[in-house]
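Hi everyone, thanks for coming. Please have a look at the sequence and the structure on the screen, and then we will walk through a few parts of it together.

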Amino acid sequence: MAISVGKWLILLPLLVMESGFFCFVDGKDERRIHTLFSVECQNYFDWQTVGLMHSFRKRGQPGHITRLLSCTDEEAKNYRGMDLAPTFRVPSMSRHPRTGDWYPAINKPAGIVHWLKHSNEAKHVDWVVILDADMIIRGPILPWELGAEKGKPVAALYGYLIGCDNILSKLHTKHPELCDKVGGLLVMHIDDLRVLAPMWLSKTEEVREDRAHWGTNITGDIYGMGWISEMYGYSFGAAEVGLKHKISDELMIYPGYIPREGVQPILLHYGLLFTVGNWSFSKLKHHEDDIVYDCNRVFPPPPYPKEVEMMENDPNKKRGLYLSLECVNMINEGLLIHHAASGCPKPRWSKYLSFLKSKTYARLTQPKSLTPEIKENLKFNKQEPSEDPGRVHPKIHTVFSTECIPYFDWQTVGLMHSFHLSGQPGNITRLLSCTDEDLKKYAGHDLAPTHYVPSMSRHPLTGDWYPAINKPAAVLHWLNHAEIDAEFIVILDADMILRGPITPWEFNAERGHPVSTPYEYLIGCDNKLAKLHTKNPEACDKVGGVIVMHIDDLRKFAMLWLHKTEEVRADTEHYATNITGDIYASGWISEMYGYSFGAAELNLRHRVDRDMLLYPGYIPNPGTEPRVFHYGLGFGVGNWSFDKAVWRERDLVNVCWTQFPDPPDPSTLSQTDEDSFRRDKLSIECMKTLNDALYLHHKRRNCPDPTLKNTLDQGTVSGKENGALNETVSGKVAMSRTIDLDRKDSFHAFSKLKVPSYWMVSLWSFFALGFLVIISLMLSGRRAESTKGHANRNMKRASQSNGGSYYHLYNPETSSKA
């Protein structure tokens, strides 16, 4: 196919770059780099290859690049894309030759093993950069700049690989303490790769065959189908050969997410759906797309930079949107260059084509350099074990605030249950705000370790009704009246579920720098509200939800938190939504501003963690596992929904076997859209944890077995008998289910049986009457006829009387009054 001189001029610089001109950097042979990526013989990987290859050339990545192409002989006969990249063909292991298991992801380690063994170019390499096909390079990836060393590769963080922390790593590596949660971008010395690659492949096979431990709670795989076995194969293989990674969660970013201020990611990983305004892109929608072979066709263009300028004012969010534009524009530009090189006719003029040739686009897509912030962060690996094995972590104490009402009782049951499951270190205390009158009637004293606090729901000075003020008031009271043996305090809300530990050493909290989660709607930090209520408005952080603070800071801060809450609450003139962000414009979030303004007064600057907390119903950031569910908002899955406010007046704690409506079974969820599937699965997990907590609570209270018709009432059974009954119940329940018996149906059945032993009472009454009749007949034999008539009348009256008792026993209304 003939190529014009003009097209050769376009391609010449790109071919020079591929020729190995950049194989030597600064004249030093020991810095030879080779980039690898693995694909299969499919259209899906072909357009990804075009995008990655274009970014490799345009961004000046040093050294050679090789595509490891996994194909069967049959697939290779019909494959059209051999010229898309420098290619090393490897045998396909998508269908495992020994087990017959269909698992295409295994081709990545298998292809690398084959390349190391059979490729001549692997003999002339010092450093290897391993990428995925669905990536766009933004700037040169230089191992020496990243701080990679022999024995210490550099990698991106894959925080959801929870198997590094649990039984999975103990089963599959002799060194679970060396297991790193990494993937995506891998930069390592060739000598390390030679040792690691066979172990990577072997461990992938091993984890893939361990079906008994595919569960989401063990692997973190949202599908629970062993799909991320290759990722664990890498982590376990690296641990087995003693490699310890330098880890960064800022080198690589998923389009649609916002980089930290001052950070410039050098790699885009478009593995998930992302949107800009009404435009969106998902690679999964182009699985069979032959766009590579369709002249001058590109993906739907994203909005232009000018449109982004108009749709978003926040500079950080704007940077995130620009990354999304850059990703698809780079793929499209690569497609057009490929089409030109393939002999396609010159494309017709369009506004989009003009933009891709503009100075604006050239400026936006210039190669990016590694920022000092990333270099600095790579020096610290928060997953590495402490240099001092004997180091003792600071003590932690967790607190949460509630009131003496059923609404907070069931929340307390859920939080306490999750606290014990999560492995959260230290003790926990419920700060219970009650009036004296409420406390006399309160029945939930044993729900949690409790510190009792005078209620400030009705303010003692102003008479203002504002229960939210109890939170800072309770924290202050606790600090002043309790003996606290802890260095850091974790403050939660009652409507939270812990999924894992919240520790200051993991989230980098320290004195003067608390850790918290973002509350972006606190717009008062940016306007006159902050200027009115703090002398340091520039220090106002939009945070809340989870708070991790040093005890010394909290002692100085707690009084200010309370005073600023009172101050903002009294400022009714500035309740408006456009000033506070409170959609009700009622001052209800005054306590949140009290926190932010009080912290600003002391210049406490927060380290904001965007991945720690998730509202069920929202999609978590990719590669992350939220540690806390905050079910403060309504959420749903299909036709099922949950809103905590609906259950404000319901007593779910003191009425046996009550629970919330069960959510759908995770196996019924559609897996068409990965984001939606993950969102819904997490929502189901939150509600299941709440219901499990309630079930176990009722079981601990020795509630009668709801599955038995002849259930004995607790009030008429002795403690010893009741304990024996509960053991029997426990055994039967354990046999029939683990924790998910059909509580709703069984509760409805049980709710009609308010008083026990109904059949027994009736039976004994019948025997007693029969006995009296027999004795009467024996004593009155000479008056048989008259006695018989008299007995019949007695039986009729007894039947009527007993019938009334029978109705009373089974009537819920009369029973509840008894």
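Let's start with a sheet. Seven strands form an open sheet in the order 3-2-1-4-7-6-8, and the pairing is mixed. A word on terms: strands (E, at least two residues) and helices (H or I, at least four residues) are DSSP runs, numbered from the N terminus. Two strands pair if DSSP finds at least two bridges between them. At the edges stand strand 3 (87-91) and strand 8 (246-248), each with a single partner strand, so one side of each has no neighbour in the sheet. From one strand to the next, the twist averages 25°.

Before going on, please keep in mind that this is a predicted model, where local features need pLDDT of at least 70, side-chain atom pairs count only at pLDDT 80 or more, and totals for chains, interfaces and linings use all residues. Residues are numbered from 1 along each chain as its sequence is written, and side-chain values use heavy atoms, with hydrogens and water left out.

Now let's look at strand 8. How many bridges join strand 6 to strand 8? There are three, and strand 6 (residues 154-157) and strand 8 run parallel. Find Ala156, and you will see that its bridge partner in strand 8 is Ser248.

Strand 8 also takes part in a salt bridge: the side chains of Lys246 and Glu149 meet at 2.7 Å, N to O. Lys246 sits in strand 8, while Glu149 sits in the loop between helix 5 (143-146) and strand 6, so to speak a link between distant parts of the chain, 97 residues apart. By salt bridge I mean a side-chain nitrogen of Lys or Arg within 4 Å of a carboxyl oxygen of Asp or Glu. By this rule the model has 40 salt bridges.Next, the helices that lie across this sheet. Helix 2 (residues 43-58) lies across strand 1 (33-40), strand 2 (64-71) and strand 4 (127-131), and runs at about 165° to strand 1. Helix 4 (residues 107-118) lies across strand 1, strand 2, strand 3 and strand 4, at about 115° to strand 3. Axes here are lines fitted to C-alpha atoms, for helices over the stretch in contact, and angles run from 0 to 180 degrees between N-to-C directions.

On to helices that pack on each other. Two packed helices are described by the angle between their axes and the distance between the axes. Helix 7 (residues 190-209) and helix 9 (residues 229-240) pack at about 130°, with their axes 7 Å apart. That makes helix 7 oblique to helix 9. The words go like this: angles under 35 degrees are roughly parallel, over 145 roughly antiparallel, 65 to 115 roughly perpendicular, and the rest oblique. Which residues meet here? Among them are Leu196, Met199 and Trp200 in helix 7, and Tyr232, Gly233 and Phe236 in helix 9. The residues of this contact (heavy atoms within 4.5 Å) divide into eight nonpolar, four polar and four charged. In that count, Ala, Val, Leu, Ile, Met, Phe, Trp, Tyr, Cys and Pro are nonpolar, Asp, Glu, Lys and Arg are charged, and the others, Gly among them, are polar.

Now another pair. Helix 15 (residues 406-422) and helix 23 (residues 674-700) pack at an angle of about 100°, with axes 8 Å apart. Helix 15 and helix 23 are therefore roughly perpendicular to each other. Trp410 and His417 in helix 15 are among the residues that meet helix 23, where Leu690 and His697 are among the partners. This contact divides into six nonpolar, five polar and one charged residue.

To finish, a sheet of three strands. This open sheet has the order 17-22-21, again with mixed pairing. Strand 17 (496-498) and strand 21 (613-614) are at the edges, each with a single partner strand, so one side of each is without a neighbour in the sheet. Strand 17 pairs with strand 22 (residues 628-630) in the antiparallel sense over three bridges, and Leu498 has Val628 as its bridge partner in strand 22.
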